[in-house]
Protein chains: 2
Amino acid sequence: MSSITRTGGRVAEPGSATPDGDSSIARRRKLAALEQNPSWVARRRQILDAATEVFRAKGYRATAVSDIAHALHSDRANIYYYFAGKADIFLTLVQPAVEDAALEIEAAAEATGSPTDRLLRAIEALTDCAHRHFPYLHLFVQEDLRYVIDENTEFEHALRQGRDRYESALRRIIEAGARSGEFRAEVDPTLLRFAVMGAVNWTHRWFAPHGRMTGAEVGRAFGDIFLRGFAATPPEA
Amino acid sequence: MSSITRTGGRVAEPGSATPDGDSSIARRRKLAALEQNPSWVARRRQILDAATEVFRAKGYRATAVSDIAHALHSDRANIYYYFAGKADIFLTLVQPAVEDAALEIEAAAEATGSPTDRLLRAIEALTDCAHRHFPYLHLFVQEDLRYVIDENTEFEHALRQGRDRYESALRRIIEAGARSGEFRAEVDPTLLRFAVMGAVNWTHRWFAPHGRMTGAEVGRAFGDIFLRGFAATPPEA
């Protein structure tokens with residue numbers, strides 16, 4: 001179980017200036033979440049969908065709960081009946097995708113095949129995951145976690161841990177390939193990792209779920225490019 | 001001459017709600033810009049440096065002129081004595097880098113070498129450009145221009161044209177390589193372009209100007225990975 005899963009639904013908005021400082025709203029929300037009334041569940045889904053569009057267009061930091069409310073012709077107080085705040089909405093959207101991606105790439109890193117097979121599997125798994133969870137993994141990838149995007153440290157920690165698991169698994173695969181001699185000695189493992197992460201993560205800028213290729217097909221095409229290069233006849237080094 | 005150059009210094013803030021609606025501030029700014037008084041120039045540089053940090057951490061859209069003023073322990077009115085607004089500051093920062101990158105990649109696209117040589121040159125030119133103009137090309141790349149980041153359409157147009165020149169030149173190089181048979185027939189030209197753009201543009205998340213490699217070295221390492229692949233002994237297709 002990852003910390004993302006554990007902290008997922010329980011991240012509160014920082015400070016008491018939000019309507020969540022009104023404990024009666026928080027109590028009503030918790031009660032409604034237990035009851036799972038179909039109209040409450042449906043409205044909650046509407047809020048998540050509207051929030052997805054706002055987060056994609058503006059990024060996490062520039063998004064306010066009032067922007068999400070505005071997209072629904074509603075007000076902030078209504079949103080707080082469904083979510084503790086912006087961090088809660090964001091984690092609800094991205095958490096399953098981030099958890100799945102981390103598990104997939106960790107499974108690839110621990111698989112029994114050669115480092116080449118493991119790297120190809122990891123690349124395909126990540127682009128496939130981005131497609132299956134579209135656009136939620138991309139919502140996560142577009143945030144630059146070198147900077148604090150929310151003062152809520154629990155939320156920040158959950159996101160950073162997702163990123164670290166992903167990067168660490170990819171590092172292990174590539175270092176194994178370099179050590180074994182399966183990867184060319186001239187290839188710098190760190191640069192290969194950055195090139196692969198770049199190609200895969202940059203899909204957040206162009207991939208469309210109903211385009212001419214599936215996520216898995218994109219991943220296989222990328223894997224082939226990274227494995228063999230683009231040259232029909234590689235020149236001598 | 002690109003439209004970025006032409007519109008560069010003259011983009012005004014939209015609306016009249018900003019202090020720039022006060023034409024006396026605009027007049028004083030224009031006069032100061034003509035005079036180039038050393039203390040005015042020095043203060044303008046301080047504002048640009050503070051704005052760079054704020055834009056990097058928050059992105060264009062989430063940044064307000066008051067955030068930049070706050071970083072300088074100053075106020076918005078003071079900033080408007082130096083710049084017409086946020087769009088003006090941003091273009092002043094990124095315009096030389098974007099113009100240089102576009103010219104470099106267009107020069108690579110029109111060079112006389114083989115498509116392979118042109119692609120390797122373009123990759124190296126872009127990462128070198130990101131280093132020489134650090135962090136201003138990255139400031140541009142981190143913005144997702146599929147979404148409107150500013151209601152000022154002239155500003156939006158200038159940024160989009162920079163991106164389009166860059167992408168179009170890269171497309172021409174890769175299509176030439178595919179047509180000539182120099183690139184493997186199995187490599188999808190669009191996917192190769194997205195993989196290269198991903199690796200190059202993703203440097204905005206990790207490249208440090210005083211790290212162990214220069215931008216040009218990163219570009220040469222990426223070029224080698226894309227040209228030959230990572231496999232020491234490529235498996236049969």
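1. A salt bridge here is a side-chain nitrogen of Lys or Arg within 4 Å of a carboxyl oxygen of Asp or Glu. With that in hand, welcome to this predicted model. Arg165(A) and Glu99(A) make a good place to start: their closest N and O atoms are 3.2 Å apart, and the two form a salt bridge. Arg165(A) sits in helix H9 of chain A and Glu99(A) in helix H6 (residues 86-109), so the pair ties together parts that are 66 residues apart in sequence. Arg165(A) has 17% relative accessibility and counts as buried; Glu99(A), with a relative accessible area of 13%, is buried as well.

2. Please look next at Arg163(A) and Asp164(A), which also form a salt bridge, again with 3.2 Å between the closest N and O atoms. Asp164(A) counts as partly exposed at 40% relative accessibility, and Arg163(A) counts as partly exposed at 22%. Elsewhere in chain A, salt bridges link Asp100(A), Glu104(A), Asp128(A) and Arg132(A) in a network. Over all chains, the structure holds 34 salt bridges.

3. Arg43(A) deserves a look of its own. This residue belongs to helix H3 (residues 38-62) of chain A. Which side chain of opposite charge is nearest to Arg43(A)? That is Asp75(A), but it is 7.5 Å away, and Arg43(A) is buried without a salt bridge. Beyond its neighbours within four places in sequence, Arg43(A) is in contact with Leu72(A), Ser74(A), Asn78(A) and Tyr82(A).

4. Now to helix H10 of chain A, residues 189-201. Its 13 residues should span 18 Å at 1.5 Å a residue, and the end C-alpha atoms are indeed 18 Å apart, which agrees. At the N-terminal end, Asp188(A) acts as a cap, with a side-chain oxygen 2.9 Å from the backbone nitrogen of Thr190(A).

5. Is H10(A) largely enclosed or largely open? Of its 13 residues, 11 are buried, so the rest of the structure largely encloses the helix. Among the buried ones are Leu191(A), Arg193(A), Phe194(A), Met197(A) and Asn201(A). Their cover comes from both chains: it includes helices H7 (115-132), H8 (136-141), H9 (153-180) and H11 (215-228) of chain A, along with H10 (189-201) and H11 (215-228) of chain B.

6. That brings us to the interface. Here 51 residues of chain B are in contact with 51 residues of chain A. The two chains bury about 4,900 Å² between them, and 63% of that lies on carbon and sulfur atoms. Residue pairs in polar contact between chain B and chain A number 26. On the side of chain B that touches chain A, helix H3 (38-62), helix H7 (115-132), H10 and H11 of chain B each supply at least two residues. H10(B) gives the largest share of that side, nine residues.

7. Finally, the charged pairs between the chains. How many salt bridges cross the interface of chain B and chain A? There are six. One of them joins Asp224(B) to Arg184(A), at 2.9 Å from N to O. In another, Arg184(B) pairs with Asp224(A), with the closest N and O atoms 3.0 Å apart. Arg184(B) lies in the loop between helix H9 (153-180) and H10 of chain B, while Asp224(A) lies in helix H11 of chain A, so this pair joins two chains. Arg184(B) and Asp224(A) are both buried.

Conventions. Residues numbered from 1 in each chain as written. Chains lettered and ligands numbered in written order. Predicted model: local features only at pLDDT ≥ 70, side-chain atom pairs only at ≥ 80, totals over all residues. Heavy atoms only, no water. Helix = DSSP H or I, 4+ residues; strand = E, 2+ residues; numbered from the N terminus. Buried < 20%, exposed > 50% of the residue type's maximum accessible area, 1.4 Å probe, protein only. Lys, Arg positive; Asp, Glu negative; His and termini not counted. Contact = heavy atoms within 4.5 Å. Expected span 1.5 Å × (residues − 1). Polar contact = N/O pair within 3.5 Å; in protein donor to acceptor, adjacent residues only side chain to side chain. Buried area = accessible area lost by both parts, 1.4 Å probe.
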